[in-house]
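Opening a fresh page for this one. I want to see how one strand sits among its neighbours, then step back to the whole chain.

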Amino acid sequence: MFIKPSNRIRESEITPESVYRERRRFMQLTLGAGALAAASGAGAKPGFVADAGAAVGPDWLKQKIADAEPYGEKVTDKLTPYEHVTSYNNFYEFGYDKSDPAKHSGTLQPHPWKVEIAGHAEKTGAFNLEDLLAKVTLRERVYRLRCVEAWSMVIPWVGFELGELLKQFKPTSRAKYVAFTTLLDSKQMPEQASRFSTIDWPYREGLRIDEAMNPLTLLAVGLYGKPLPNQNGAPLRLVVPWKYGFKSIKSIVKIEFTEKQPGTSWNVRAPNEYGFYANVNPEVDHPRWSQASERRLPSGLFSPNIIDTQMFNGYADEVAHLYKGMDLRKHY
Ligand SMILES: Nc1nc2c(c(=O)[nH]1)N[C@H]1C(S)=C(S)[C@@H](COP(=O)(O)O)O[C@H]1N2
Ligand SMILES: [Mo]
């Protein structure tokens, strides 16, 4: 199928500076696509895992993602190249090394996909991904992603505001939190069958309802203008850019409105190390390492690219009000 290029910028909105940035961004997108082609073709670079099956999806989804227009964030950070975003991952359902998800996630079958909406809402049920996406606006949004392990990336996601979806189900006044669950299926996610697993599967995450409704909170279906590769959480994953990466749960099959704070995988496993809130905070260290700085990828032995970590990962203007009066040392 022919995927028509989208009209990514309106003439009326542009200034010379934004024209430049837009063009540069578009070139980066094109480079990303080139890297993908190289990786899946015969001439894949040695040392780079050819992510077989990465960024494939049905035509309707490819078209929708290609048509998504930029939201227009003022993120000036350099984008992390596609091959790093898709080969350096945390997705423990496929193994514990950063390279495992790209190598082993070919067993995941992201299409077709259903998501169950449950709990305290007027409307609940199981919905096809395609039907859910028919009612939302996809945008490209460039966000920093800061892992609790003190590395970070800058990723051009394609997704929609979680709040836009949640409102359609009319949550009741008892809906104080939103809980998310990843697929549970050891045939598709082999590490779930391992006797040495550190996590009680399925992977779970949660947000307070006001965090879930914040316009920054995204459900992503793509990156670099293409459907999400399996290793990045195909076909649907959360992105909460002011929180540590483990909150951004992948391959979601269930979204539930709850009255009580839900259990979340890392918090349940090591509550003294990983909090429910997990807001990026350079002043509150992890018990075993500092959170004051981070390694921005790509980073190498001779150019480690260490930068200061920002409060709320640089999104304080948008989200600090959510935590007014809270002790962020206690609620880490
Ligand atoms: N289901 C699931 N979601 C997950 C994880 C995981 O192991 N399983 N890892 C988390 C962590 S620790 C991070 S840093 C991000 C990494 O996302 P990325 O690989 O797309 O960069 O995914 C998060 N979502
Ligand atoms: Mo992480």
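Entry 1, pairing. This is a predicted model, and I began with strand β6 and its partners. I found 5 bridges joining β6 to strand β7 (residues 204-208), and the two run antiparallel. Checking one position in that pairing, I see Thr181 opposite Arg204 in β7. Strand β11 (residues 252-258) also runs antiparallel to β6, with 6 bridges between them. There I picked out Ala179, whose bridge partner in β11 is Glu256.

Entry 2, cover. Is β6, residues 177-182, mostly covered or mostly open? Mostly covered: I get 6 of 6 residues buried. I then split the strand by face. Tyr177, Ala179 and Thr181 are buried on one side, and Val178, Phe180 and Thr182 are buried on the other.

Entry 3, a residue in a helix. I looked up Asp210, which lies in helix α7 (residues 209-213). Its relative accessible area is 31%, so I log Asp210 as partly exposed. I also took a C-alpha to C-alpha distance: Asp210 and Lys176 are 8.2 Å apart in space, with their positions 34 residues apart in sequence.

Entry 4, the whole chain. I count 9 helices and 13 strands. The chain has 332 residues, and 49% of them count as buried. For contacts between residues at least 6 apart in sequence, 73% join residues at least 24 apart. The accessible surface comes to about 15500 Å², and carbon and sulfur atoms hold 54% of that.

Note on methods: Residues are numbered from 1 along each chain as its sequence is written. Chains are lettered from A and ligands numbered from 1 in the order in which they are written. This is a predicted model: local features need pLDDT of at least 70, side-chain atom pairs count only at pLDDT 80 or more; totals for chains, interfaces and linings use all residues. Side-chain values use heavy atoms; hydrogens and water are left out. Buried means under 20% relative accessible area, exposed over 50%, partly exposed in between (1.4 Å probe, protein chains only). Helices (H or I, at least four residues) and strands (E, at least two) are DSSP runs, numbered from the N terminus. Two strands pair if DSSP finds at least two bridges between them. Contact means heavy atoms within 4.5 Å. Accessible areas come from the Shrake-Rupley method with a 1.4 Å probe; for residues, only the protein chains shown count as cover.
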